[in-house]
Amino acid sequence: MAETLHILHLEENELDAESVSHALKATDFHCLIDRVDNFAAYQQALSERDYDLILADFALSDCDGVKTFAEAKKLSPQTPYILVTGAIGEEPAVDMIKTGVTDYVLKTKLARLQTAVPKALEAARVSREKQQATDALWLSKERFDLAVCGSGAGVWDWADVTNEQMWWSPRIYAILGLAEDELPATCGQIYARMHPDDVAIARQAIRNHFAEQKPYDVEFRLRHKQGHFIWIRSRGRALVAADGTPLRMAGYVQDVSDRKVAQTQLLEREKDLLRAQEVAKIGVWSLDIPQNRLRWTAETYRIFGVENRNDFAGTVESLDAYVHPDDRAFVAEKWRQALAGAGYDIEHRIIAGNGQVKYVREVAEVEFDAAGRPLRGIGVVHDLTRQRRAEEEQRKTDEKYRIISSTAREAFVMIDSAGKVTLWNPAAEKIFGYTAEEMLGQAVHQVLVPGKLRSLAIKGLSHFHLTGEGAAVGEMMELEGLTKQGKLVPLEISLNRVRHDDEWQAIGVLRDISERKEAEAERQALEQQLRQTQKMEAIGTLAGGIAHDFNNILASIIGYTSMVERRLEPGSRDQLDLQEVLNAADRAKLLVRQILTFSRKSEQAQKPVHLDRVVREVQHLIRASLPSTIEIVTRLQTTEKTILGDATQIHQVLMNLCTNAYHAMPDGGTLTITLEKKQLGEENPWELRSGGYLQLLVTDTGRGISPDVIDKIFDPYFTTKDIDTGTGLGLSVVCGIVIGAGGFIDVESVLGEGTRFRILLPVYQPLAKTAADEKVTAVTGGSEHILFVDDEVNLARLGRDFLEDLGYRVTIQTSSLAALQQVKSVPQAYDLLVTDQTMPRMTGIELAKQLYLITPKLPVILCSGLTYSLETEGVSETAICKVLVKTELLDCLPQLLREVFDR
């Protein structure tokens with residue numbers, strides 16, 4: 001029986017309406033037609049009932065096809081709409097198709113209704129209309145063009161497959177963003193614009209279609225005018241001859257970039273979902289309950305440790321094999337309850353495929369049919385193994401923390417947002433003196449914070465309670481805490497915040513740094529002493545340089561004065577005046593010696609030291625630096641004045657004691673230095689060996705030393721002086737020097753009256769001199785040839801004049817390099833070299849080394865403003881036989897020359 005169609009037909013011309021009715025009778029449908037001839041009747045008909053099909057003329061007296069179609073879309077959007085018109089151009093028709101019109105039929109070709117009506121009824125959606133238009137391409141070019149235009153596809157025609165020339169519809173150019181004159185329509189141009197990775201795929205699809213009649217449906221990328229690649233789907237069909245030779249091929253292309261992007265995004269989302277399941281350790285499963293068919297996702301397989309999916313039968317019974325034996329009854333009961341309508345949210349153990357025991361949580365829902373029979377179960381399984389292990393590790397960690405907290409040397413203190421103590425370990429008890437029972441619940445700022453800081457602490461706690469921030473949070477800082485005994489203890493605290501019970505709490509690690517503070521104080525004292533010592537060393541170096549230059553000047557003064565004085569008549573006025581000059585020069589020599597001693601440029605070997613000379617030198621030096629309000633009294637009350645020691649060190653010891661005495665008398669007073677002989681027996685209060693000792697007393701009338709510190713004054717780094725007052729030689733070093741010399745030092749002091757330091761040093765007894773030692777050799781001159789080298793011109797001339805007066809032949813040089821060249825030129829011309837030590841470019845010792853390589857038998861006498869010994873490093877590699885101080889040169893040189901020449 002034919003299908004009945006209820007049709008609404010909008011047509012003003014009655015004859016045309018009858019023609020349409022007649023044409024519809026030729027269809028396979030039984031058509032019931034409601035004809036209307038104006039727009040108002042059309043609107044009313046649409047609003048009163050639903051029609052299977054709408055036929056409408058395009059040009060009416062009160063409306064047009066655009067208006068009637070819009071009304072149809074508004075009142076009956078699902079009803080197919082076909083234009084039946086007498087005359088309409090292709091462009092209006094295409095525009096109507098683009099707006100959604102299903103089809104159009106010319107009144108001159110009403111026979112098309114036989115196919116248009118079934119098409120409109122069978123394919124309301126655009127994709128089906130597109131396919132029908134494509135299939136109709138070989139039947140009707142007009143229908144094909146309209147369908148293609150409506151689909152948005154571009155049509156191509158390869159009329160002769162033996163050449164590359166093609167025909168492209170305008171849509172293809174539009175897809176590529178090109179004008180029709182910008183690109184020739186050839187196969188070569190397609191391949192030229194194709195992505196290199198897709199060329200082989202596209203060519204193979206053409207070959208397969210021609211050779212094997214496989215469908216031609218391929219996707220590839222073409223370069224858009226703007227430079228990016230778009231995805232194209234190309235479909236087509238070839239016409240082949242009877243022998244299978246391809247003759248012609250046509251088809252269409254579509255821009256499927258959006259679909260490709262969507263597919264890519266979908267794949268990415270699927271990957272993200274799978275990755276999220278993997279990261280979260282969550283697998284998904286579904287169960288077809290009537291079929292007992294269980295399906296797992298990849299993560300579920302991984303959780304259960306199933307590497308080969310064929311090993312899993314996919315049934316509820318096969319799942320039971322993985323459930324831990326001790327949990328199977330529990331899991332089965334919960335699943336039975338779920339099938340009865342209860343919830344399913346359980347945790348249990350499984351034995352994975354590799355034998356590992358795991359903890360899982362399963363959550364599922366069961367779907368039921370209308371009769372209440374279970375149809376499908378879907379759920380997730382969450383691997384809790386890591387969480388359970390973490391909880392176990394946390395339990396162990398908490399236990400370790402409890403042990404560490406109870407045994408640590410550092411105090412662990414935790415306070416809540418109100419500042420009350422919630423944790424107090426044994427180390428905190430030891431530092432502060434409060435037990436845990438006493439401190440738990442107490443406000444830390446009221447018990448442990450010193451009073452002067454409590455208001456600041458309360459403010460800081462209030463800010464921390466609100467924000468979790470504070471000056472000490474995340475920082476290491478030092479502060480003082482108050483102990484139970486009321487004592488302030490220096491602390492180092494590291495404070496961190498934790499969020500607990502929706503409140504900020506603080507946990508602090510506190511360390512008692514009292515010992516470190518004491519060590520830092522000692523270190524600072526040592527650093528201060530080191531800086532002072534370096535300062536004194538610099539002053540000593542400066543003093544040594546001054547003494548060297550002064551010695552050169554004195555050598556000239558003494559030398560020339562001595563030579564002139566010898567030529568004058570003894571007892572004459574001029575001779576007596578020059579004698580006074582020499583006396584003054586001798587005093588200057590003594591001053592230079594004192595400077596050298598102060599600068600430590602003199603020898604420091606243990607040797608006999610005249611203690612009275614050291615006292616006088618110190619008296620002269622200290623007098624210049626002390627104010628006139630301090631009187632210096634020296635009492636030398638013994639004829640035995642020699643000890644065995646280091647003159648420089650003894651000098652510095654006495655200087656230090658005198659300086660200390662000066663600092664003890666800021667308002668003036670008397671400094672007394674006493675040297676006397678003391679004989680000790682076997683038993684003495686200082687436990688020294690019996691024998692003779694020199695007792696050196698340094699006494700002041702200053703403020704004295706407090707009994708609280710007098711027992712500490714010889715301790716390393718101890719001082720009662722301010723930073724800017726100290727000499728750099730502490731009393732501990734003084735004590736070490738005295739004891740090293742075999743002596744003893746002690747102190748007596750009365751507050752407000754003064755202090756007395758006592759030093760006992762053993763008397764040195766020299767061996768008795770022999771007759772040979774007392775023999776005096778008469779000084780005579782000679783005729784030997786002497787090379788005299790000094791960079792000071794006046795000293796070189798003085799040496800020449802002095803030695804020539806003694807009969808010697810003398811050659812002088814003011815350059816050590818020139819002297820070296822002179823000896824190289826005539827190595828045997830000289831009998832002896834007298835050379836200064838400090839000279840530019842080459843020192844005297846270096847000159848002696850060079851000459852030793854040329855003429856090792858040439859004796860050398862070294863002169864210097866400072867003091868050197870034959871043990872000086874490098875002197876042993878020369879022919880230096882004596883070292884003289886310049887100020888003693890003229891006194892010692894005549895006899896020394898004869899000793900060398902007559903040897």
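Is Gln213 buried or exposed? Gln213 is exposed, with a relative accessible area of 51%. The close-up views below come from a predicted model.

**View 1. Gln213 sits in a loop between a helix and a strand.** The loop runs between helix 10 (199-212) and strand 8 (216-223). Most residues other than glycine have a negative phi. Gln213 is not a glycine, yet its phi is positive, at about 55 degrees. The label "exposed" needs a relative accessible area over 50%. Gln213 has 51%, so it counts as exposed.

**View 2. Arg841 is another non-glycine residue with a positive phi.** Its phi is near 75 degrees. Arg841 is found in the loop between strand 30 (832-836) and helix 28 (844-854). Arg841 is exposed, with a relative accessible area of 78%.

**View 3. The whole protein gives the setting for the other views.** Look for 29 helices and 32 strands. The protein has 903 residues, and 42% of them count as buried. Take the contacts between residues at least 6 apart in sequence. Of these, 59% join residues at least 24 apart.

**View 4. Helix 2 has buried residues along one face.** Helix 2 covers residues 39-48. Its residues Phe39, Tyr42, Ala45 and Leu46 are buried. Seen down the helix axis, these buried residues fall within an arc of 120 degrees, so they line one face. An α-helix has 3.6 residues a turn, so residues three or four places apart point the same way. On the other side of helix 2, Ser47 and Glu48 are exposed.

**View 5. Strands and a helix cover the buried residues of helix 2.** The cover includes strand 1 (3-10), strand 2 (29-36), strand 3 (53-56) and strand 4 (81-85). Helix 3 (65-75) is also part of the cover. At the N-terminal end of helix 2, Asn38 acts as a cap. A side-chain oxygen of Asn38 lies 3.2 Å from the backbone nitrogen of Ala40. Now find Phe39. The charged end of Lys67 sits over the ring of Phe39, 4.5 Å from its centre.

**View 6. Val36 is a buried residue of strand 2.** Its relative accessibility is 10%. Which residues does Val36 touch, leaving aside its neighbours within four places in sequence? Val36 is in contact with Leu8, His9, Leu10, Glu11, Ala41, Tyr42 and Ala45. Val36 and Leu10 are 26 residues apart along the chain. Their C-alpha atoms are separated by 5.0 Å.

**View 7. Phe69 and Tyr81 form an edge-to-face aromatic pair.** The ring centres are 4.9 Å apart, with 70 degrees between the planes. Phe69 lies in helix 3 and Tyr81 in strand 4, so the pair ties together parts that are twelve residues apart in sequence. Phe69 and Tyr81 are both buried. The structure holds 17 aromatic pairs.

**View 8. Trp335 and Tyr344 form an edge-to-face pair.** Their ring centres are 5.5 Å apart. Their planes meet at 85 degrees, so the pair is edge-to-face. Trp335 is buried, and Tyr344 is buried too.

**View 9. Five aromatic residues, Trp296, Tyr301, Phe304, Phe312 and Tyr322, form one cluster.** Elsewhere, look at the ring of Tyr191. The charged end of Arg203 sits over that ring, 3.8 Å from its centre.

**View 10. The largest nonpolar core has 40 residues.** Leu654, Leu671, Ile759 and Leu761 have the most contacts inside this core. Several elements each supply at least two of its residues. Among them are helix 22 (611-625), strand 24 (669-680) and strand 27 (754-762). Helix 23 gives the most to this core, with seven residues.

**View 11. Leu654 belongs to the largest nonpolar core.** What is Leu654 in contact with, leaving aside its neighbours within four places in sequence? The residues are Val614, Val615, Val618, Ile673, Leu696 and Val698. A second, separate core has 28 residues. This second core includes Cys187, Ile232, Ala238 and Val253.

Methods: Residues numbered from 1 in each chain as written. Predicted model: local features only at pLDDT ≥ 70, side-chain atom pairs only at ≥ 80, totals over all residues. Heavy atoms only, no water. Buried < 20%, exposed > 50% of the residue type's maximum accessible area, 1.4 Å probe, protein only. Helix = DSSP H or I, 4+ residues; strand = E, 2+ residues; numbered from the N terminus. Arc of directions from axis to C-beta. Contact = heavy atoms within 4.5 Å. Polar contact = N/O pair within 3.5 Å; in protein donor to acceptor, adjacent residues only side chain to side chain. Core = buried A, V, L, I, M, F, W, Y, C linked by side-chain atoms within 4.5 Å. Phe/Tyr/Trp six-rings, centres within 6.5 Å; stacked < 30°, edge-to-face > 60°. Lys NZ or Arg CZ within 6 Å of the ring centre and 35° of its normal.
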